[in-house]
Amino acid sequence: MEKKRKKILISCDSPRSLLDFRGKLIEELSLNHEVAVFTPKIEQEQIRSTLIRLGVQVYENALQASNVSIWSDLGYIYQLYRLIRNIRPDVFFPYTFKPVIYGAMVANFCRVKSITPMLTGLGYNFPETKSKTTLVQKITKILLKFSMKANERTKIIFQNKDDYQTLLKRRVITEKNQAYIVNGSGVDLDHYTYSKPNLDRISFLMISRLINAKGINEYYQSARILKQKFPNVVFRLIGPFEDNIDAIDQELYSKIKLDGTIEYIGLVTDVRTYIAQSSVVVLPSYYGEGVPRCLLEAMAMGRTLITCNSVGCRETIHPDHAQANGFLVPVKNVKELAAHMQHCIEHPVELIRFGWNGRKYAREKFDVHVVNRQMLGILEGS
């Protein structure tokens with residue numbers, strides 16, 4: 001039976017994420033449906049041209065994703081209301097915090113038939129200790145609870161089971177909510193192909209925005225320790241320094257750029273060359289991730305992982321020791337992080353086995369086509 005053609009409106013807080021994280025999904029959706037995106041202003045023409053080539057309608061806004069801005073948020077709400085009333089989508093698919101919170105509210109008010117918010121991580125909005133909760137975090141919880149109120153039209157998508165359990169425990173959602181858990185954004189195994197890790201000169205790579213909760217300082221401090229013992233080992237860092245409420249301070253940023261401990265590359269459009277040149281990929285994040293995309297890309301290309309035993313990150317390390325593809329370290333623990341990095345330097349042959357295990361695990365659990373089949377089922381209502 002032929003699927004009914006639907007109007008699907010996607011809302012995000014970063015235009016780059018549309019292709020980096022949702023590209024394959026948008027491509028598949030656009031084959032059978034009318035797809036539109038509501039995104040902050042697109043600065044990169046390649047993103048716009050690719051979306052247009054796929055037949056996607058592009059609508060822009062001035063949302064500031066990582067900063068508190070009442071006027072920006074109100075502007076987003078008003079523009080989205082007008083857009084929904086104008087194009088009347090059958091499905092509204094927002095992801096990341098502000099589009100989920102504000103978007104679900106507006107879509108419910110406008111009586112959109114199917115609302116499928118996806119939480120790609122809870123970030124620092126739900127700290128483990130309630131006594132450390134800030135006013136902004138308290139407001140976020142109230143707004144999220146209101147926007148996620150159970151009804152027959154709303155299906156909530158999570159990228160890991162920990163986030164689902166956290167929102168249940170904090171009574172943001174209840175068991176009456178329709179909830180689905182998918183394995184992150186998935187990774188395209190044909191695009192991120194296996195290559196043998198460089199064992200002749202061990203190098204470490206971290207791919208991340210330069211924010212504190214990603215563990216930038218922990219990576220830098222570990223690199224400083226190891227550089228003294230192993231001066232020929234290379235430590236690279238890819239990612240932008242941008243305006244963000246949790247951005248690293250200028251002092252650390254200057255050290256990263258200038259003191260020679262780390263080779264800072266900045267923002268790149270294609271990470272594959274740098275992953276191929278690396279031996280190990282590191283992400284010491286204590287940030288509430290969905291499932292970090294950079295780790296999935298590294299697994300697909302056969303790289304050993306060192307990451308934290310934190311929400312989302314732990315999903316990428318195989319639970320069976322016999323099929324290990326890397327190491328989990330405690331959050332904010334420079335000593336443990338440096339020790340595991342040193343182990344990789346001193347036992348390079350293990351990196352081949354870890355890499356093969358990672359590629360296999362990516363194929364079993366995180367293949368983008370498998371993840372997208374589940375996503376299509378949710379979005380299409382099957």
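Ser147 counts as buried, at 1% relative accessibility, and this residue is found in helix H6, which spans residues 135-147. In the predicted model examined here, Ser147 and Pro117 are 30 residues apart in sequence, while their C-alpha atoms are 9.6 Å apart in space.

The strands are considered next. Strands of a sheet pair through backbone hydrogen bonds, in either a parallel or an antiparallel way. In this model, five strands form an open sheet with parallel pairing, and their order is E3-E2-E1-E4-E5. Strand E3 (57-61) and strand E5 (114-115) stand at the edges of the sheet, and because each has a single partner strand, one side of each is left without a neighbour in the sheet. The partner of E3 is strand E2 (residues 34-40), and the two pair in the parallel sense over five bridges. Within this pairing, Phe38 has Tyr59 in E3 as its bridge partner. Phe38 also takes part in a cluster of rings, in which ring pairs link Phe38, Tyr76 and Tyr102.

Aromatic pairs number eleven in the model as a whole. One of them is formed by Tyr253 and Tyr264, whose rings meet edge-to-face, with 6.0 Å from centre to centre and 85° between the planes. This pair links distant parts of the chain, since Tyr253 belongs to helix H9 (residues 250-258) and Tyr264 to strand E11 (residues 263-266), with the two residues eleven apart. The two partners fall into separate classes of accessibility: Tyr253 is buried, because its relative accessible area of 14% is under the 20% limit for that class, whereas Tyr264, at 21% relative accessibility, counts as partly exposed.

Aromatic rings are also accompanied by charged side chains. The charged end of Arg22 sits over the ring of Tyr95, at 4.4 Å from the ring centre, and the charged end of Lys332 is placed over the ring of Tyr286, at 4.7 Å from the centre of that ring.

Salt bridges by the rule applied here come to 14. In one of them, Asp188 is joined to Lys24, and the closest N and O atoms of the two are 3.7 Å apart. This salt bridge links distant parts of the chain, as Asp188 lies in the loop between strand E8 (178-181) and strand E9 (203-207), whereas Lys24 lies in helix H2 (residues 23-32), 164 residues apart. Asp188 counts as buried, at 11% relative accessibility, while Lys24 is partly exposed, with a relative accessible area of 31%.

A further salt bridge is formed by Lys214 and Glu289, with 2.7 Å between the closest N and O atoms. Lys214 is located in the loop between E9 and helix H8 (216-229), and Glu289 in the loop between strand E12 (280-283) and helix H11 (293-300), so the pair ties together parts that are 75 residues apart in sequence. Both residues belong to the buried class, Lys214 with a relative accessible area of 10% and Glu289 with a relative accessibility of 6%.

The salt bridge between Glu45 and Arg48, in which the closest N and O atoms are 3.8 Å apart, lies within a single helix. Because Glu45 and Arg48 are three residues apart in helix H3 (residues 45-53), about one helical turn separates them. Glu45 counts as exposed, at 53% relative accessibility. Together with Glu60, these two residues are linked in a network of salt bridges.

On the surface, Ile70, Trp71 and Leu74 make a nonpolar patch of about 410 Å². Trp71 is found in helix H4, which covers residues 70-87, and at 72% relative accessibility this residue counts as exposed.

The backbone, finally, shows positive phi values in residues other than glycine. Phi of Thr96 is near 75°, and the place of this residue is in the loop between strand E4 (91-94) and helix H5 (97-109). Thr96 is buried, with a relative accessible area of 15%. Arg111, which is likewise not a glycine, has a positive phi of about 60° and lies in the loop between H5 and E5. In contrast to the buried Thr96, Arg111 counts as exposed, at 60% relative accessibility.

Definitions and conventions. Residues are numbered from 1 along each chain as its sequence is written. This is a predicted model: local features need pLDDT of at least 70, side-chain atom pairs count only at pLDDT 80 or more; totals for chains, interfaces and linings use all residues. Side-chain values use heavy atoms; hydrogens and water are left out. Patches are made of residues with over 30% relative accessible area and no salt bridge: like charges are joined within 9 Å, nonpolar side chains (Val, Leu, Ile, Met, Phe, Trp, Tyr) within 5 Å. Accessible areas come from the Shrake-Rupley method with a 1.4 Å probe; for residues, only the protein chains shown count as cover. A salt bridge is a side-chain nitrogen of Lys or Arg within 4 Å of a carboxyl oxygen of Asp or Glu. Helices (H or I, at least four residues) and strands (E, at least two) are DSSP runs, numbered from the N terminus. Buried means under 20% relative accessible area, exposed over 50%, partly exposed in between (1.4 Å probe, protein chains only). Rings of Phe, Tyr and Trp (its six-membered ring) pair if their centres lie within 6.5 Å; planes under 30 degrees apart count as stacked, over 60 as edge-to-face and the rest as tilted. A charge sits over a ring if NZ of Lys or CZ of Arg is within 6 Å of the ring centre and within 35 degrees of the ring normal. Two strands pair if DSSP finds at least two bridges between them.
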